[in-house]
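Trainee: Before we begin, could we go through the terms used for this protein and set each one against its definition?

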Amino acid sequence: MTKTLHTEGHLALIEALISARKSQNLPQAALAERLRCHQSFVARIESGQRRIDVPELVIIARALDVPAEHFFEAVIKAVPPGERI
């Protein structure tokens, strides 16, 4: 069974999240403040140490003022056809 951590889809999600944050010149600490969590939470997500679920992704997308669909599109493009769980 393939784990979703460190897969092409997961790496694409991380890249899209980091890109969205950096495009706003937003440090991890500032995003964490918007999310009302610790900076280490954001760091663990961005370093690939922690997966996020769909509701968390929606909350992060809102904090970044980016449509959640943007992140889904990045993952959809990165997941190879026929990929197994």
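**Terms and their reasons**

Mentor: Let us start with the helices, keeping in mind that this is a predicted model: helix H1 passes helix H5 in a right-handed crossing.

Trainee: What describes the packing of H1 and H5?

Mentor: Two packed helices are described by the angle between their axes and the distance between the axes. For H1, residues 8-23, and H5, the angle is about 145 degrees and the axes are 8 Å apart.

Trainee: Which residues of H1 and H5 meet?

Mentor: On the H1 side they are Glu8, Gly9, Ala12, Leu13, Ala16, Leu17 and Ala20, and on the H5 side they are His70, Phe71, Ala74, Val75 and Ala78.

Trainee: Why does Ile76 count as exposed?

Mentor: Exposed means over 50% relative accessible area, and Ile76 has 63% relative accessibility, so the word applies. Ile76 belongs to H5, which covers residues 68-78, and together with Val54 and Phe72 it forms a nonpolar patch on the surface, with about 290 Å² of accessible area for the three together.

Trainee: What makes Arg21 and Glu46 a salt bridge?

Mentor: Side chains of opposite charge can pair when their charged atoms come close. The rule asks for a side-chain nitrogen of Lys or Arg within 4 Å of a carboxyl oxygen of Asp or Glu, and the closest N and O atoms of Arg21 and Glu46 are 2.6 Å apart, which satisfies that rule. Arg21 lies in helix H1 and Glu46 in helix H3, residues 39-46, so the pair ties together parts that are 25 residues apart in sequence. Both Arg21 and Glu46 are buried.

Trainee: How many salt bridges are counted by this rule?

Mentor: The count comes to two salt bridges, and Arg50 with Glu56 forms one of them, with the closest N and O atoms 3.0 Å apart.

Trainee: Why is Arg50 called partly exposed?

Mentor: Partly exposed is the range between the buried limit, under 20%, and the exposed limit, over 50%, and Arg50 has 25% relative accessibility, so it is placed in that range.

Trainee: Where is Cys37, and why does it count as partly exposed?

Mentor: Cys37 sits in the loop between helix H2, residues 28-35, and H3, and because its relative accessible area is 27%, Cys37 is partly exposed too. Not counting residues up to four places away in sequence, Cys37 touches Ala32 and Val42. The C-alpha atoms of Cys37 and Glu56 are separated by 12 Å, and these residues are 19 residues apart along the chain.

Note on methods:
Residues numbered from 1 in each chain as written. Predicted model: local features only at pLDDT ≥ 70, side-chain atom pairs only at ≥ 80, totals over all residues. Heavy atoms only, no water. Patch = residues over 30% accessible without salt bridge, like charges linked within 9 Å, V, L, I, M, F, W, Y side chains within 5 Å. Areas by Shrake-Rupley, 256 points an atom, 1.4 Å probe, with all protein chains shown as cover. Helix = DSSP H or I, 4+ residues; strand = E, 2+ residues; numbered from the N terminus. Buried < 20%, exposed > 50% of the residue type's maximum accessible area, 1.4 Å probe, protein only. Axes fitted to C-alpha atoms, helices over the stretch in contact; angles between N-to-C directions. Left-handed = near helix turned anticlockwise from the far one by under 90°. Contact = heavy atoms within 4.5 Å.
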